[in-house]
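The following exercises ask you to read a protein fold step by step, with the sequence and the 3D structure beside you. Try each task before you turn to its solution.

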Amino acid sequence: MPVSGLLAAASIASLNLCTDEYLLLLATPQEIASVSYLSQDPQESPLWRIARRHHSNRGSLEQVIGGKPKVVLTMGGGGRATSLIARRLGIRAVDLRPVSAIDDVAFNFRATAVALGDPKRADPWLQRLRQLRFNKPDGVTDAIWIGGGGQTIGSPSIGADWMRLAGLQQRPLSGDRVSLETLLARPPAVLVQSRYRSGQMSRGIAWLNHPIVRNTKSKRVVADGRAWTCMGPLVIPEVERLRSVLR
């Protein structure tokens with residue numbers, strides 16, 4: 001639903017890991033009624049310490065109505081049905097955009113700030129985003145973003161757009177997966193390696209420990225894969241950090 005008007009003394013519940021990010025970054029503790037349980041998991045969200053200060057939910061409206069929120073934040077999926085049910089209960093639903101372009105992040109910041117009754121709260125984050133877009137690196141370097149099992153990001157994609165702001169050109173790869181053969185025969189200039197769930201025992205993590213991956217002739221930088229899950233606001237500090245590392 002379009003976002004318009006201001007809400008005083010907002011009490012907001014977020015039903016989605018990706019909407020949690022905007023709420024936790026912009027709201028005061030008193031304004032947060034509930035966040036999704038995923039944002040309280042250290043393996044899923046860099047904001048888990050902040051998130052654990054609040055009640056949690058598993059993404060359903062039924063679980064948050066007891067807290068009497070004035071607003072619920074949703075994102076795609078069942079957003080329209082949630083909005084209809086919420087309206088009948090006297091709760092306003094704000095459906096944020098799934099991020100398919102960097103402009104969606106700016107929209108979601110503004111929408112969340114308006115829902116909180118203070119549009120200017122988004123300004124510091126919007127300024128950081130403008131700075132990244134205005135001060136783009138002069139060139140781009142061949143790169144591959146890599147996660148467990150060789151998973152990578154598509155090109156073109158929103159992930160590739162974020163990497164470009166860091167001065168990296170994500171190499172297009174078939175099936176959005178990098179093979180050991182590629183790393184051996186055509187290693188990228190830069191390998192951006194996600195440390196998402198790096199401490200767990202799995203085939204995907206074991207793949208990252210293969211000698212070819214460990215010894216690839218690329219400049220290796222680390223990415224916080226949790227920040228890239230939603231491709232939203234938490235990638236802003238990731239891009240800032242990558243720029244400083246790659247200078």
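A residue is called buried when its relative accessible area is under 20%, exposed when it is over 50%, and partly exposed in between. Keep in mind throughout that this is a predicted model.

**Exercise 1. One helix and its faces**

Task: Determine which residues of helix H5 are buried, and work out where they fall when seen down the axis of H5.

Solution: Begin with the helix itself, which covers residues 123-134, has 12 residues and reaches 16 Å from its first C-alpha to its last, close to the 16 Å expected at 1.5 Å a residue. Next, apply the cut-off for burial, and you will find Trp125, Leu126, Leu129 and Leu132 as the buried residues of H5. Looking down the axis of H5, you can see that these buried residues fall within an arc of 120 degrees, so they line one face of the helix. The general rule behind such a pattern is that an α-helix has 3.6 residues a turn, so residues three or four places apart point the same way. On the other side of H5, by contrast, Pro124 and Phe134 are exposed. Finally, ask what covers the buried residues of H5: the cover includes H1, H4, H6 and H11.

**Exercise 2. The sheet of five strands**

Task: Give the order of the strands in the open sheet of five strands, and name the strands at its edges.

Solution: Following the pairing from one strand to the next gives the order E3-E2-E1-E4-E5, and the pairing is parallel. The edge strands are E3 (56-57) and E5 (92-96), since each of them pairs on one side only. To look at one pairing in detail, take strand E2 (residues 32-36), which runs parallel to E3 and is joined to it by two bridges; here valine 35 stands opposite serine 56 in E3. Then add the helices: H1 (residues 17-26) lies across E1 (12-14), E2, E4 (71-75) and E5, and runs at about 145 degrees to E2. Helix H4 (residues 102-115) lies across E1, E4 and E5, and its direction makes about 165 degrees with E5.

**Exercise 3. The sheet of four strands**

Task: Work out the order of the open sheet formed by four strands, and explain why one side of each edge strand is left without a neighbour in the sheet.

Solution: The four strands have the order E7-E6-E8-E9, with parallel pairing. At the edges stand E7 and E9 (219-223), each with a single partner strand, so one side of each is left without a neighbour in the sheet. Neighbouring strands of this sheet are turned by 35 degrees against each other on average, if direction is ignored.

Now go through the pairs one at a time.

- E6 (residues 141-146) pairs with E7 (residues 168-170) in the parallel sense over three bridges, and aspartate 142 stands opposite glutamine 169 in E7. Between these strands the chain crosses from E6 through helix H6 (residues 158-165) to E7, in a β-α-β crossover that is right-handed.
- E6 is also joined to E8 (residues 190-194) by four bridges, again running parallel, and isoleucine 146 stands opposite glutamine 193 in E8.
- E8 and E9 pair in the parallel sense over five bridges, with leucine 191 opposite arginine 220 in E9.

Two helices complete this picture: H6 packs on the sheet, touching E6, E7 and E8, and its direction makes about 160 degrees with that of E7. Helix H11 packs on the sheet as well, touching E7, E8 and E9, at about 155 degrees to the direction of E9.

**Exercise 4. Backbone details in the loops**

Task: Find where the cis peptide bond is, and decide whether methionine 231 is buried or exposed.

Solution: The cis peptide bond joins serine 155 and proline 156, with omega at about 10 degrees, and proline 156 has its place in the loop between E6 and H6. Turning to phi, methionine 231 has a positive value of about 55 degrees although it is not a glycine, and this residue is found in the loop between H10 (225-228) and H11 (235-246). With a relative accessible area of 12%, methionine 231 is buried. Aspartate 176, in the loop between E7 and H7 (180-185), also has a positive phi of about 55 degrees without being a glycine. Aspartate 176, however, is partly exposed, with a relative accessible area of 36%.

How values were computed. Residues numbered from 1 in each chain as written. Predicted model: local features only at pLDDT ≥ 70, side-chain atom pairs only at ≥ 80, totals over all residues. Heavy atoms only, no water. Pairing = 2+ DSSP bridges. Contact = heavy atoms within 4.5 Å. Axes fitted to C-alpha atoms, helices over the stretch in contact; angles between N-to-C directions. Right-handed = clockwise from strand over helix to strand, strands pointing away. Buried < 20%, exposed > 50% of the residue type's maximum accessible area, 1.4 Å probe, protein only. Expected span 1.5 Å × (residues − 1). Arc of directions from axis to C-beta.
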